[in-house]
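This briefing covers one structure, grouped by topic. The sequence and the model are shown first.

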Amino acid sequence: MKLERLLAKYQLMGRTRARECILAGRVKIADHSTTAFDHEVDHFTRVTLDNQIVQPAARRLRIMLHKPIGVISATKDKKHRTVIDLIDDPDKGSLHLVGRLDINTSGLVLLTNDGRWSKALMHPDHKVPKVYHVTTAEPIPSDAPAQFNAGFFLKTEEITTLPAALEILTTTTARVTLHEGRYRQVRRMFHRVGCKVIALHRESIGEYKLQGNLKVGEWCQFKPETALHKRLPRKAKWVENS
Ligand code: URA
């Protein structure tokens, strides 16, 4: 939201009065005076008026977790352990998931309390690549890469999957890169080439790779390298399919 709106909201004053306070140089953002009344702020921005706190800066959390099999990608569940149960942080209640993995899939899960960042990462227009290591029960047919590239029609969603890159590593292992996140998509695509997936592990989401020293069930905080969210208009609509 704009600075003048935040000030008006928290100081219980009109927008005109808020703007006057800002133009008079009485407002600081992260300890720097500003007269930019239309400056974009969010709940991670520390704002003061006459050196009194209007809004303290919330902690921005970005977490990478190595999800074990058997744990579900949800914030609450009555039956199963959730990814949130594995995190030990006083602000973990503010976290949401950046995409999901099914219960039998291990690997990288991202969590954050920064909605702009997660929306940008998951926005379908950005087609952020997600890389999975797959083990199958049956040998992977040699024409599977061509089939993955051509896409599969999914009856339930009435869509054809986007071209996916399939690299066959051994007779029964492969690496697949998707640019979307349909429900159990990797398993369904392998089923279409006659293979049952017996192990599925997510290695990366865009530039974020599961760190090698992160053991199953462990998590760490990190800072993103690229400000992907800067490419997304503030009011963009998006739909998550996974
Ligand atoms: N595809 C699947 O089948 N399962 C996942 O968890 C992610 C992608």
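In this predicted model, a nitrogen atom of the ligand is 3.4 Å from a polar backbone atom of Q185. Q185 is also one of the residues around the ligand, and in helix 5 it is buried. The points below start from the ligand and then take up helix 5, the aromatic pairs, strand 8 and T35.

**Ligand surroundings**

- The ligand is surrounded by L101, D102, T105, Y132, R184, Q185, V186, R187 and L200.
- An oxygen atom of the ligand lies 3.3 Å from a backbone N or O atom of R184.
- For R187, a backbone N or O atom is 3.1 Å from an oxygen atom of the ligand.
- The atom of Q185 that lies 3.4 Å from a ligand nitrogen is likewise a polar backbone atom.

**Helix 5**

- Helix 5 spans residues 185–192 and is mostly covered, with 6 of its 8 residues buried.
- The buried residues are Q185, V186, R187, R188, M189 and F190; among the residues around the ligand are Q185, V186 and R187.
- G194, just after helix 5, has a positive phi of about 85 degrees.

**Aromatic pairs and a charge over a ring**

- The whole structure contains 5 aromatic pairs.
- One of them is W117 with F222: the ring centres are 6.0 Å apart and the planes meet at 65 degrees, so the pair counts as edge-to-face.
- W117 belongs to helix 3 (residues 115–122) and F222 to the segment after strand 15 (219–221), so this pair ties together parts that are 105 residues apart in sequence.
- Both W117 and F222 are buried.
- F148 and F190 also pair edge-to-face, because their planes are at 65 degrees, and their ring centres are 4.9 Å apart.
- This second pair links distant parts of the chain, with F148 in helix 4 (residues 144–150) and F190 in helix 5, 42 residues apart.
- F148 and F190 are both buried.
- W117 and F222 form one aromatic cluster together with Y208.
- Elsewhere, the charged end of R19 sits over the ring of F37, at 4.0 Å from the ring centre.

**Strand 8 and its partners**

- Strand 8 covers residues 130–136 and is mostly covered, with 5 of its 7 residues buried.
- Strand 12 (residues 173–178) runs antiparallel to strand 8, and 6 bridges join the two.
- Within that pairing, T135 stands opposite T173 of strand 12.
- Strand 8 also pairs in the antiparallel sense with strand 13 (residues 197–205), over 7 bridges.
- On that side, K130 has I205 of strand 13 as its bridge partner.
- In a regular strand, side chains alternate between the two faces of the sheet.
- Y132 and L200 are among the residues around the ligand; strand 8 comprises residues 130–136 and strand 13 residues 197–205.

**T35 and its contacts**

- T35 is placed in the loop between strand 2 (32–33) and strand 3 (47–49).
- T35 has a relative accessibility of 45% and therefore counts as partly exposed, since the partly exposed class lies between 20% and 50%.
- Apart from neighbours within four places in sequence, the contacts of T35 are I22, L23 and G25.
- T35 and L3 are 32 residues apart in sequence, while their C-alpha atoms are 9.7 Å apart in space.

Key:
Residues numbered from 1 in each chain as written. Predicted model: local features only at pLDDT ≥ 70, side-chain atom pairs only at ≥ 80, totals over all residues. Heavy atoms only, no water. Helix = DSSP H or I, 4+ residues; strand = E, 2+ residues; numbered from the N terminus. Buried < 20%, exposed > 50% of the residue type's maximum accessible area, 1.4 Å probe, protein only. Contact = heavy atoms within 4.5 Å. Pairing = 2+ DSSP bridges. Phe/Tyr/Trp six-rings, centres within 6.5 Å; stacked < 30°, edge-to-face > 60°. Lys NZ or Arg CZ within 6 Å of the ring centre and 35° of its normal. Near = heavy atom within 4 Å. Polar contact = N/O pair within 3.5 Å; in protein donor to acceptor, adjacent residues only side chain to side chain.
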